[in-house]
Amino acid sequence: KNFIEGGMFSWYLDEWDKEIYGVVKSIIDRLSEFDIEFLMLNPSLARDVFKLLYEELIPREEIRKYLGFYTTPDWLAELVLDELGIKPDEFIKLEKQGRNPLDLKFLDPAVGTGTFLTLVIQRIGEYLAKRYSKNGILNPKIANTALKRIVKNVVGFDIDVLAVLTARTNYLIALAATGLLEHKGGELIEIPIYLANSIITAEEEKVKQLVTI
């Protein structure tokens, strides 16, 4: 329900005309040529697929460095997760120890385009497939429970509005590729990627009157 929030990305609604209609329709027609089921057949491909696009939108490397925008290579993210034991076999070991892997909480306070979180979702999906799928089909009740746990426990923050939108897109694709999104049962889900500064947190104003005349 929070895939696109107002602000700069809703300007076209206020300026809607035949020209904008034509542009939006052409984008939708182009996107319809792509098949999400391809990712479901090979979930390992459902990673940060928009990383290069994000870098192209902020093309000059020196600008990205000046602003502090550093994207994490997939191989490095994979290595970090492996070293932390965030992988299907370790999830199965946790379950045998009486702990539910779906209760694990993951927070990326500088989520960027969502590299780490999409890989976490992918690995949770692999764990569920190993433990609870029958003939390649995941139990709908378990899938629905897993989806609710993931959107509660796999969370990201970033201060760049474009990165947040990109991460939400990758997050949504990861949920679809693992076969979990289709089991939301008609309920609204909130993608837990938020525009926030994880270093300087918001503070409540003690004085309610902000403007004096």
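**Notes on the predicted model**

1. Let's start at the surface of this predicted model. Four residues, V23, I27, L31 and F34, make a nonpolar surface patch of about 420 Å².

2. Of these patch residues, F34 deserves a word of its own. You will find F34 in the loop between α2 (18-31) and α3 (37-41). With a relative accessible area of 59%, F34 counts as exposed, because the cut-off for that label is over 50%.

3. Next, helix α9, which runs over residues 140-153. Do its ends sit where they should, or not? At 1.5 Å a residue, its 14 residues should span 20 Å, and the end C-alpha atoms are indeed 20 Å apart, so the two values agree.

4. At the start of α9, have a look at N139: one of its side-chain oxygens comes to within 2.9 Å of the backbone nitrogen of K141.

5. Which residues of α9 are buried? They are A143, N144, A146, L147, I150, V151 and N153. The elements covering these buried residues include the strands β1 (106-108), β3 (137-138) and β4 (154-158), and also the helices α8 (115-132) and α10.

6. Finally, a loop further along: E187 lies between α10 (161-177) and β5 (193-195). E187 is partly exposed, at 38% relative accessible area; that label applies because the value falls between the 20% and 50% cut-offs.

7. While you are at E187, consider K1 as well. These two residues are 186 residues apart along the chain, and their C-alpha atoms are separated by 9.8 Å.

Note on methods:
Residues numbered from 1 in each chain as written. Predicted model: local features only at pLDDT ≥ 70, side-chain atom pairs only at ≥ 80, totals over all residues. Heavy atoms only, no water. Helix = DSSP H or I, 4+ residues; strand = E, 2+ residues; numbered from the N terminus. Buried < 20%, exposed > 50% of the residue type's maximum accessible area, 1.4 Å probe, protein only. Expected span 1.5 Å × (residues − 1). Contact = heavy atoms within 4.5 Å. Polar contact = N/O pair within 3.5 Å; in protein donor to acceptor, adjacent residues only side chain to side chain. Patch = residues over 30% accessible without salt bridge, like charges linked within 9 Å, V, L, I, M, F, W, Y side chains within 5 Å. Areas by Shrake-Rupley, 256 points an atom, 1.4 Å probe, with all protein chains shown as cover. Salt bridge = Lys/Arg side-chain N within 4 Å of Asp/Glu carboxyl O.
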